[in-house]
Amino acid sequence: MEMCKSVYEKIIEHSRREMPLEACGYLGGKGRTVVEAYSLTNIDQSGEHFSFDPKEQFDAVLTMRKKKQRAVAVYHSHPETPARPSQEDIRLAIDPEIIYVIVSLAAAEPEVKAFRIVKQEVTEEPVVVIDGLSTEEPENWEKQWNVKNSR
Ligand SMILES: [Zn+2]
């Protein structure tokens, strides 16, 4: 999967901020590229698992729809374990269409990995961090990128 650099940085920053709890959220995409991170509250308030705040989740889905983005991925952090789906992550991964992104802060350098989990079977998806240009919707893209950078 392709991920805008701004998104990559945002999910790492969010994960660090939530330490020692797990951070979580959605990643909205255009075409094949993740363009925006929606950080959500982990109502489990746990360092080992997460649940989205349902109200925030609903709002994020609406916002994505409005912006013509697709919920490409769900991300969460592993404060103390590697960027690999846990047994529980695998058990709870019921959507074969969704990519599961894990941010690990276990090592000195943060690690971001992506997985598809279909029928308990885990396949890693390479994460390609890009600077924010899409081949599919150049106009939209440019607009979004400029807005982000002018803030
Ligand atoms: Zn996990």
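This passage walks through the sheet, the helices packed on it and one exposed loop residue.

The model is a predicted one, so to speak of local features a pLDDT of at least 70 is needed, side-chain atom pairs count only at pLDDT 80 or more, and totals for chains, interfaces and linings use all residues. Residues are numbered from 1 along each chain as its sequence is written. Helices (H or I, at least four residues) and strands (E, at least two) are DSSP runs, numbered from the N terminus.

At the heart of the description is an open sheet of eight strands, in the order β7-β6-β5-β4-β2-β3-β1-β8, with mixed pairing; two strands count as paired if DSSP finds at least two bridges between them. The edges belong to β7 (121-125) and β8 (128-130), each with a single partner strand, so one side of each has no neighbour in the sheet. From one strand to the next, the twist averages 35°. Here axes are lines fitted to C-alpha atoms, for helices over the stretch in contact, and angles run from 0 to 180 degrees between N-to-C directions.

Strands β2 and β3 run antiparallel and are joined by seven bridges, with G25 partnered by S39 of β3. Two helices pack on the sheet, contact meaning that two residues have their C-beta atoms, placed from the backbone, within 7 Å. Helix α1 touches β1, β2, β3, β4, β5, β6 and β8, and its direction makes about 20° with that of β3. Helix α2 (residues 54-66) touches β2, β3 and β4, at about 155° to the direction of β3.

Now for α1 itself. This helix (residues 5-18) has 14 residues and reaches 20 Å from its first C-alpha to its last, close to the expected 20 Å; the expected span is 1.5 Å times one less than the number of residues. V7, I11, S15 and E18 are its buried residues. They sit on the same side of α1, because they cover an arc of only 75° around the axis, the arc being that of the directions from the helix axis to the C-beta atoms. That fits a general rule: an α-helix has 3.6 residues a turn, so residues three or four places apart point the same way. Buried means 20 or more other C-beta atoms within 10 Å of a residue's own, exposed means 12 or fewer, and partly exposed is in between, with C-beta atoms placed from the backbone. The buried residues of α1 pack against β1, β2, β3, β4, β5 and β6, while the face turned away from them carries exposed K5 and R17.

Helix α2 has 13 residues and spans 18 Å from first C-alpha to last, close to the 18 Å expected. After α2 comes K68, with a positive phi near 55°.

On the other half of the strand order, β5 is mostly covered, with five of its six residues buried. Six bridges join β5 to β4 in parallel, and A73 stands opposite I99 of β5. The chain gets from β4 to β5 through α3, in a right-handed β-α-β crossover: with the strands pointing away from the viewer, the path from the first strand over the helix to the second runs clockwise. β5 also pairs with β6, antiparallel over six bridges. There, I99 has R116 as its bridge partner in β6, and a hairpin of six residues links the two strands.

Finally, P82 lies in the loop between β4 and α3 (87-92). P82 is exposed, with 12 other C-beta atoms within 10 Å. Leaving out residues up to four places away in sequence, P82 touches S104 and A106. P82 and E111 are 29 residues apart in sequence, yet 8.0 Å apart in space, C-alpha to C-alpha.
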